[in-house]
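Open the model in your viewer and keep the sequence beside it. We will go from stop to stop, selecting as we go.

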Amino acid sequence: MLKKTDKEDLCQISLTGIRSLALFGLLVKAPMSLEDIRKAFIEYNIMDSSNSDDILRIDINTLRKMGCVISRADHRTNNKYVLIEHPFKLDISNEEVSVVKRAFNRIKENADLSLLLLYDNLFKKIAPYISRNEVKEFLLGISPLKKYSLVILNELKKVCDNKNVVKLIYKTPTVNEESEKEIIADYIKLQNDKLYLYGLDKGSNQPVYLNIKRILKILSTDSCEDKQAAKPTTVRFMLKEFGVMGLTDNEEIESGEESTGFIIRGQYHNKFFATQRILSFGSKCTILEPEDFKQDVIEILKKMREVYNG
């Protein structure tokens, strides 16, 4: 939007053109009454307080001549002018918006909630100015946050930022029942296009992760005197190949080389995630410690062999 300026700087510019551009910017943001427009124009110093409202009506009609569809200001619009349609839209092709989606897919899996919210907001700001409806809908569908309540997401983000306690109603998938939970919130992560809240269950004192889609309601939030976080499951293992995806942020190389393999130290939110990750490496991975975790994985592999061998 225009900043307040000196009319002497505008002496070589059509004030009607400047006002028309300013008016377009105002109406894009929200419906405006003549009084609203007058106040804004006087603030921008592109209109004198002594000028008649006829000037404003000329500016409105100028935009209409340019192809803008602007409603009448009457009781149906609360005496405000509403910008219904305009010709200044983005002609983005299906191929171009597909490139945006591919680029975003490379970003989103490692993005935190703050970055995901920024992209979601960006897509929503761009969409109204796209000329083709199918492209507009495609762009709005790129964000993984499209099916989530932004009220709940922003509240959970605050709780995680401060490592506070959140009391919520959760629909447990296994029994399909609602339950009340108290979680010391740690962080939010996107996995397979689903958002999960990670933290520590105050009741069991165990690390948990909750599908945010199943959070029905936030009952309350409170500061946590004991800023304890979920204690991660730490596993040391030897790995001969990283594969295409490589290591994650919570895994680090302690020693080794490509010919003999690398000693990796991984920290996982809980035992379940640690087991999933270790099994994903297959025969290329050898667990070094802890011993009890190693034995548990061996038992899982034995049971899997029994199932497959009949």
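Start by selecting residues 165-172, which form strand β3. This is a predicted model. Strand β3 is mostly covered: 6 of its 8 residues are buried.

Now show what β3 pairs with. Add β4, residues 177-191. β3 and β4 are antiparallel and share 8 bridges. Together they make a hairpin, with 4 residues between the two strands. Click on asparagine 176 in that turn: its phi is positive, about 55°.

Next, add β7, residues 215-222. β7 also runs antiparallel to β3, and 6 bridges join the two.

Which residues stand opposite isoleucine 169 in β4 and in β7? Label glutamate 180 in β4 for one answer. Label lysine 217 in β7 for the other.

Go back to β4 and add β5, residues 194-201. These two strands are antiparallel and joined by 8 bridges. For one pair, pick isoleucine 183 and its bridge partner in β5, aspartate 201.

Add β6, residues 207-211, and the sheet is ready to view. Its 5 strands lie in the order β6-β5-β4-β3-β7. The sheet is open, with antiparallel pairing. Strands of a sheet pair through backbone hydrogen bonds. Why do β6 and β7 each have one side without a neighbour in the sheet? They stand at the edges with a single partner strand each, so one side of each stays free of a neighbour. Rotate the view, too: neighbouring strands are turned by 45° against each other on average, direction ignored.

Now turn to the largest pocket. Its volume is about 1400 Å³. To find its centre, select Asn110, Lys189, Gln191, Thr248 and Asn250, the closest of the 38 lining residues. Then colour the elements that give two or more residues to the lining: α4 (94-108), β4, β5, β10 (261-268) and α8 (271-280). Which element gives the largest share of this lining? Strand β4 does, with 6 residues. Colour the lining by class as well: 16 residues are nonpolar, 12 polar and 10 charged.

For the last stop, select two cysteines. Are cysteine 68 and cysteine 160 buried or exposed? Cysteine 68 is buried, with 4% relative accessible area. Cysteine 160 is buried too, at 6%. Both values fall under the 20% cut-off for buried. A disulfide is a covalent bond between the sulfur atoms of two cysteines. How many disulfides does a search of the whole structure find? The count is 0.

Methods. Residues numbered from 1 in each chain as written. Predicted model: local features only at pLDDT ≥ 70, side-chain atom pairs only at ≥ 80, totals over all residues. Heavy atoms only, no water. Pairing = 2+ DSSP bridges. Axes fitted to C-alpha atoms, helices over the stretch in contact; angles between N-to-C directions. Disulfide = S-S within 2.5 Å. Buried < 20%, exposed > 50% of the residue type's maximum accessible area, 1.4 Å probe, protein only. 1 Å grid on protein atoms, 1.4 Å probe; cavity = no way out; pocket = protein on both sides within 12 Å on 5 of 7 lines; lining within 4 Å. Points joined across faces, edges and corners; volume = space filled by probe spheres on them. Nonpolar A, V, L, I, M, F, W, Y, C, P; charged D, E, K, R; others polar.
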